[in-house]
Amino acid sequence: MSLLLGCIADDYTGASDLANTLARNGLRTIQTIGLPAADLDLKDIDAAVVSFKSRSIPADEAVALAVSANHWLREHGAKHVLFKICSTFDSTDLGNIGPVTEALRNADATLPTLVTPAFPETGRTVYQGHLFVGSVPLNESPLKDHPLNPMHDANLVRVLARQSRDKVGLVPLSVVEQGVEAVRTHLVALASEGVQSAIIDAVFDRHLETIGMIALEAPTSTGASGLGLGLARALTASKPIQAGVQSQKASTPVAGHAAIIAGSCSQATLQQIEAVAGAIPTLRLQPEELIASPAHTVERALSWARPQLASGPVLIASSAPPSEVIALQARHGKESGIAIEKALAEIASGLVNSGVKRLVVAGGETSGATVDRLHVQAFSIGQEIAPGVPILEVSDQEHGAMLLALKSGNFGGRDFFSRALELMQ
Ligand SMILES: Nc1ncnc2c1ncn2[C@@H]1O[C@H](COP(=O)(O)OP(=O)(O)O)[C@@H](O)[C@H]1O
Ligand SMILES: O=C(O)[C@@H](O)C(=O)COP(=O)(O)O
């Protein structure tokens, strides 16, 4: 079977967010971890999301991964490949959104590659090239305090230009509002000025529908789930999918224990942890101790959790507010985050070995480390817990049937954890 759409995601939570959006908009979608196995069954699959943990790695490594995935996706029929980035454009000036976008561009491409992180359903909108998170510009949002990719500039034309060799331009909302023809004309004008990548404004889903249609005329695009929505709607409008919308049915019940692991320090996650305090037994890890003696801390956490699993879910968190993250990084550098991710992944693995079959992980990098440690290779997409966060169904020889929820740090309401556990029965 030939793929209608190929996607390369720069983290696993972002990939499940995208896979969820594609499925909800009519494409039968599979998410793989890393390059798909040669024998992956693509029968009845319209879109494949190949996910990497590449958001915060050096640009040349991210480029190599993306190029290999692009090759695989094209070989399996994808005429268009979306590079899925974060809806808050998480990256540094040395980040890889620019380099990967450039590397994926076909040498024959005549129009600039469209780039937009807009995802209105979760409050991410782009106007005059400026990204808003809810009602505030990116640089005033909680993303200014992100432990790995703090965002201090809302002007994405500038942000992308600092990471790119490309000349970067803008397609403003006034043009997008006029529809596909107007965008195409604007892109031709930008191309004549030497622009190769263009941030494109979008505030409502209807803008993303226009963008999806024009994006399909080029081999690649770069964006978040909102662009996925636009591409999926354009594809299903032009070629009705035989089997219809992938079901968002309740997952097949999975017997076994439940646990939550949180390594996200985002404001939303901090509030979600607070919301279940008192209702779910919670262990707050001490990051200093985690870094000084990881093996001991992991063992202590597992000894705390194991005897309680039969009575209900447990929550283990390293999450801390910005002031504590800054203090820890001042003492141990940004690499401290990687040490924490590894320890949390080790704890998750110990919990799974102790019978946990329903696992919620909060944090993109944390989820990446955990999924890698668990050796999960592919998911199918189940019911949506909150915008951008589906239940992921794992069914392989190593794990049997297992349910995961990989929550992007900033996603979900205050009641996310209880809602997830309720739906993952
Ligand atoms: N207490 C802490 N202090 C500093 N860094 C932390 C702490 N707890 C977790 N981290 C690190 O912060 C990063 C959070 O990133 P991530 O898991 O992607 O969450 P989000 O989805 O919110 O961005 C990870 O590298 C994680 O290991
Ligand atoms: O686009 C988004 O916001 C998400 O899909 C995503 O990628 C979030 O990243 P993390 O917060 O690091 O999980």
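In this predicted model, ligand 1 sits in the largest pocket. The space taken by ligand 2 is likewise the largest pocket. Each ligand is described in turn below.

The shell around ligand 1 holds 20 residues. H146, S266, G337, E341 and T366 come nearest. By class, this shell divides into 8 nonpolar, 10 polar and 2 charged residues. Three helices contribute to the shell around ligand 1: α12 (322-332), α13 (336-353) and α14 (364-374). Each of these helices supplies at least two residues. The shell around ligand 1 also draws on two domains. Domain 1 (5-238) and domain 2 (257-424) each give at least three residues.

Oxygen atoms of ligand 1 make polar contacts with both side-chain and backbone atoms. A polar side-chain atom of S264 is 2.7 Å from a ligand 1 oxygen. On the backbone side, a polar atom of G337 lies 2.6 Å from an oxygen atom of ligand 1. G337 is also among the residues that come nearest to this ligand. For E365, a backbone N or O atom is found 2.7 Å from an oxygen of ligand 1. The protein buries 96% of the 570 Å² that ligand 1 exposes when taken alone.

Ligand 2 is surrounded by 13 residues. The closest are T13, D17, R55, K84 and S87. This shell comprises 3 nonpolar, 6 polar and 4 charged residues. Helix α1 (residues 12-24) provides the largest share of the shell around ligand 2, with 3 residues. Both domains take part here as well. At least three residues of the ligand 2 shell come from domain 1 (5-238), and at least three from domain 2 (257-424).

Polar contacts of ligand 2 again involve side-chain and backbone atoms. An N or O atom in the side chain of S87 lies 2.5 Å from an oxygen atom of ligand 2. S87 is one of the closest residues to this ligand. Two glycines contribute through the backbone. A polar backbone atom of G364 is 3.2 Å from a ligand 2 oxygen. For G409, a backbone N or O atom and an oxygen of ligand 2 are 3.1 Å apart. On its own, ligand 2 has 350 Å² of accessible area, and the protein covers 95% of this.

Conventions. Residues are numbered from 1 along each chain as its sequence is written. Chains are lettered from A and ligands numbered from 1 in the order in which they are written. This is a predicted model: local features need pLDDT of at least 70, side-chain atom pairs count only at pLDDT 80 or more; totals for chains, interfaces and linings use all residues. Side-chain values use heavy atoms; hydrogens and water are left out. A residue is near a molecule or strand if one of its heavy atoms lies within 4 Å of it. A polar contact is a pair of N or O atoms within 3.5 Å; within protein, one must be able to donate a hydrogen and the other to accept it, and residues adjacent in sequence count only if both atoms are side-chain atoms. Accessible areas come from the Shrake-Rupley method with a 1.4 Å probe; for residues, only the protein chains shown count as cover. On a 1 Å grid over the protein atoms alone, a cavity is a set of points where a 1.4 Å probe fits but cannot get out, and a pocket is an open set with protein on both sides within 12 Å along at least five of seven lines; lining residues have an atom within 4 Å of a point. A molecule sits in a cavity or pocket if more than half of its atoms lie within 2 Å of its grid points. Helices (H or I, at least four residues) and strands (E, at least two) are DSSP runs, numbered from the N terminus. Ala, Val, Leu, Ile, Met, Phe, Trp, Tyr, Cys and Pro count as nonpolar, Asp, Glu, Lys and Arg as charged, and the others, Gly among them, as polar. Domain bounds come from an automatic or database domain assignment.
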